Amino acid sequence: MQSTRYEKRLSTSEYFALEETSEVRHEFYRGEVFAMAGTSLNHNDIVDNTKRIIKDTFAPQGCRTFSESVKLEVIRDVYYPYPDIMLTCHPDDLQARFVVKQPTLIVEVLSRSTTDHDRSFKWQQYQRMPSLMHYLLISQYEYHIELYSRNVHFWKYEVFDRPDQVLFLEHIALSLPLSAIYENIVFSPANQ
């Protein structure tokens with residue numbers, strides 16, 4: 001998802017007021033506000049496919065799964081992005097109205113304009129969240145998923161690039177088949 005920088009620096013309260021009335025979502029970092037642009041069809045379908053699998057698994061357990069239009073508080077009063085997908089089972093998040101603070105899983109679907117940002121800046125920020133157990137980066141241009149899983153002293157990194165593979169997110173006992181994530185996705189030469 002591409003973003004355009006908002007001209008004026010805002011306080012956190014001004015940012016929340018803007019978000020309540022705006023038809024466009026904005027990410028917030030240290031007073032800077034970035035308008036979020038639209039996505040591709042592949043991006044949208046991958047988000048829908050992945051969210052459906054997660055939601056079907058965790059909704060019966062009382063957890064909630066959100067996509068693209070719910071803010072995440074990574075650092076209070078400092079950083080509020082809109083991840084493509086979040087899973088939370090934390091009681092405070094289950095009662096929240098607008099902002100998730102304790103996600104267990106964050107998923108970003110990569111686009112050409114955001115890949116570097118999602119892999120570097122966002123990942124550096126997300127690692128600070130004690131609740132986060134898994135971070136998934138999903139390509140929309142080919143079978144390629146990167147999975148970061150929290151261990152006691154480090155993050156484990158794995159790559160999945162074949163449609164017959166299944167990701168297993170051990171901390172939440174979730175299996176994600178690549179074939180289901182990429183169901184009905186068409187990789188065209190123009191996308192590569």
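This is a short talk on the cores, the disulfide and one loop residue of a predicted model.

Okay, ground rules. Numbering starts from 1 along each chain as its sequence is written, and side-chain values use heavy atoms, with hydrogens and water left out. Since we're on a prediction, local features need pLDDT of at least 70 and side-chain atom pairs count only at pLDDT 80 or more, while totals for chains, interfaces and linings use all residues.

Let's start inside. The largest nonpolar core (buried Ala, Val, Leu, Ile, Met, Phe, Trp, Tyr and Cys residues joined through side-chain atoms within 4.5 Å; buried is under 20% relative accessible area, exposed over 50%, partly exposed in between, with a 1.4 Å probe and protein chains only) has 25 residues, and Ile145, Leu167, Leu176 and Ile181 touch the most other members. Helix 2 (41-58) gives the largest share of that core, five residues; helices (H or I, at least four residues) and strands (E, at least two) are DSSP runs, numbered from the N terminus. There's also a second, separate core of 19 residues, with Phe121 and Tyr135 among them.

Now, which cysteines does the disulfide join? Cys63 and Cys89, S to S 2.0 Å, where the cut-off for a disulfide is two cysteine sulfur atoms within 2.5 Å. The pair ties together parts 26 residues apart in sequence, because Cys63 sits in the loop between helix 2 and strand 4 and Cys89 in the loop between strand 7 and helix 3. Cys63 is buried at 10%; Cys89 is partly exposed at 32%.

Last one: Ser131, in the loop between helix 4 and strand 10. At 16% relative accessibility, Ser131 counts as buried.
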